[in-house]
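This report introduces a protein structure to a reader who has not met it before. It begins with a single residue and then turns to the whole chain and to one strand.

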Amino acid sequence: MTKRHGYALLAAIVAVIVVISAAIYVGVAADDGGEPTVAGGRGTNNAAAPASAGTWVGAWSASPAGPEPGTEVNGMAGRSVRNVVHVGIGGTSARITLSNLYGQQPLTITHASVALAAGANEAAAATGTMRRLTFGGRPSVVVPAGQQVISDAVRLLVPHDTDVLVTTYSPIPSGPVTYHPQARQISYTAEGDRTQDVSGVAYTGQTPYWRYVTAVDVLSNEAHGTVVVIGDSLTDGSTSSVGENRRWTDVLSDRLRARDSDGPRYSVVNQGISGNRVLTSGLGRPAENPSGLVRFDRDVLGRTNVKAVVIALGVNDILRTPHETDAGRITAGLRELRRLAHARGLRVVGVTLMPFQGHRGYRPHLEETRQAVNARIRSGGVFDAYADFDKALRDPYNPRRLRSHYDSGDHLHPSDKGYERMADVFDLESLKGAAPAQL
């Protein structure tokens, strides 16, 4: 088979994957960035969101990556789960997305709440910020297996660069738990229904995972749109300092929010999954660690008020078994992601693949593939614009390796300084503008 016919076959396969992916993650409520359903209650613990000025944007998000091991039968029955998430943008109201994508039975949430954390990485809530969440005006909700639900909006003054507590309680077995394993953040659990507890005393259990919660949106005057970054462990922040929000997307968010920023007024949400690839998904139905092609509609187009997309994928297609050594197949997959974004009028910025010599998976022929992918990206035929992470972090004396002070030590993932460098070289102005919608 010629390469020409091979790429035609790949295009056909990609089209089938995209059609299938659209049916994988049908939500109970559509997250289209419009006005949310407003809770009917009143009072401190259930303040309905006002029709105030501002724009709904993504303040935080994490991609569901699979079912949590050991939760197949009981899930988190009888326990309160208090997720600690860090929002990069502020607002006057908030709403939460909960997912049961990997559940095999309905997930019953009898109570849920949102609050500001009393301090960084704490389970205790700041005084006066605890809000009970409702769903269509009711305090409980049943999320069918494979679906998601979005809460009503609540009035809550959320400062930017703040930890937010999202707490759920499920009284009955509902496993397995849909989770995001590489949170780089400690969250908490407590026995019984402690969703309204302001004190963190009961939250004696600790976990490095995010469970159920997949998005926090805010009604904001600080941003008028959302940048979605879809990537792998390099975006997920693997090897960044736990609890310190040192992922490159955190630094990018800070840069966009700065008063002297040349970039657009966008928030940033991180849709990285460690080990993620462009072309190949994991096992299971729905697939664990779904490929970029499979999850693009869910994790990018399904986010709130998206204005631009950053695609940081490809290295795992090369490194992970089965190794993809045809650069043309990888870049064809990346171009398909660009096409999907362009169909929604979204601008697409990509990144070059960083070096990994010294990593246990390094092989000379895999390095050749990486270089070939980067050459195609630099030629301008893959994305609308690109950030050259390879050039910024490679060792000038050995461009096949990361520079030592940007290397976490595993020769693949950056250190905190490396993640900061990635964000610093990202051209904020490259996010401006939009691609014409394809009719």
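In this predicted model, Asp-299 counts as buried because its relative accessibility is 1%, and the cut-off for a buried residue is under 20%. Asp-299 belongs to helix α4, which covers residues 292-301. Its side chain forms a polar contact of 2.6 Å with the side chain of Arg-298. When residues up to four places away in sequence are left aside, Asp-299 touches Ser-63, Pro-64, Val-228 and Gln-271.

The protein as a whole has 439 residues, of which 58% count as buried. Its secondary structure comprises nine helices and 23 strands. Of the contacts between residues at least 6 apart in sequence, 81% join residues at least 24 apart. The protein exposes about 17,000 Å², and 51% of this area comes from carbon and sulfur atoms.

Strand β6 spans residues 111-116 and is mostly covered, with five of its six residues buried. The pairings of β6 with two other strands are listed below.

| Partner of β6 | Residues of partner | Sense | Bridges | Residue opposite Val-114 |
|---|---|---|---|---|
| β11 | residues 162-170 | antiparallel | six bridges | Val-166 |
| β7 | residues 131-132 | antiparallel | two bridges | Arg-131 |

Val-114 thus appears in both pairings: Val-166 stands opposite Val-114 in β11, and Arg-131 is the bridge partner of Val-114 in β7. In a regular strand, side chains alternate between the two faces of the sheet.

Definitions and conventions
Residues are numbered from 1 along each chain as its sequence is written. This is a predicted model: local features need pLDDT of at least 70, side-chain atom pairs count only at pLDDT 80 or more; totals for chains, interfaces and linings use all residues. Side-chain values use heavy atoms; hydrogens and water are left out. Helices (H or I, at least four residues) and strands (E, at least two) are DSSP runs, numbered from the N terminus. Buried means under 20% relative accessible area, exposed over 50%, partly exposed in between (1.4 Å probe, protein chains only). A polar contact is a pair of N or O atoms within 3.5 Å; within protein, one must be able to donate a hydrogen and the other to accept it, and residues adjacent in sequence count only if both atoms are side-chain atoms. Contact means heavy atoms within 4.5 Å. Accessible areas come from the Shrake-Rupley method with a 1.4 Å probe; for residues, only the protein chains shown count as cover. Two strands pair if DSSP finds at least two bridges between them.
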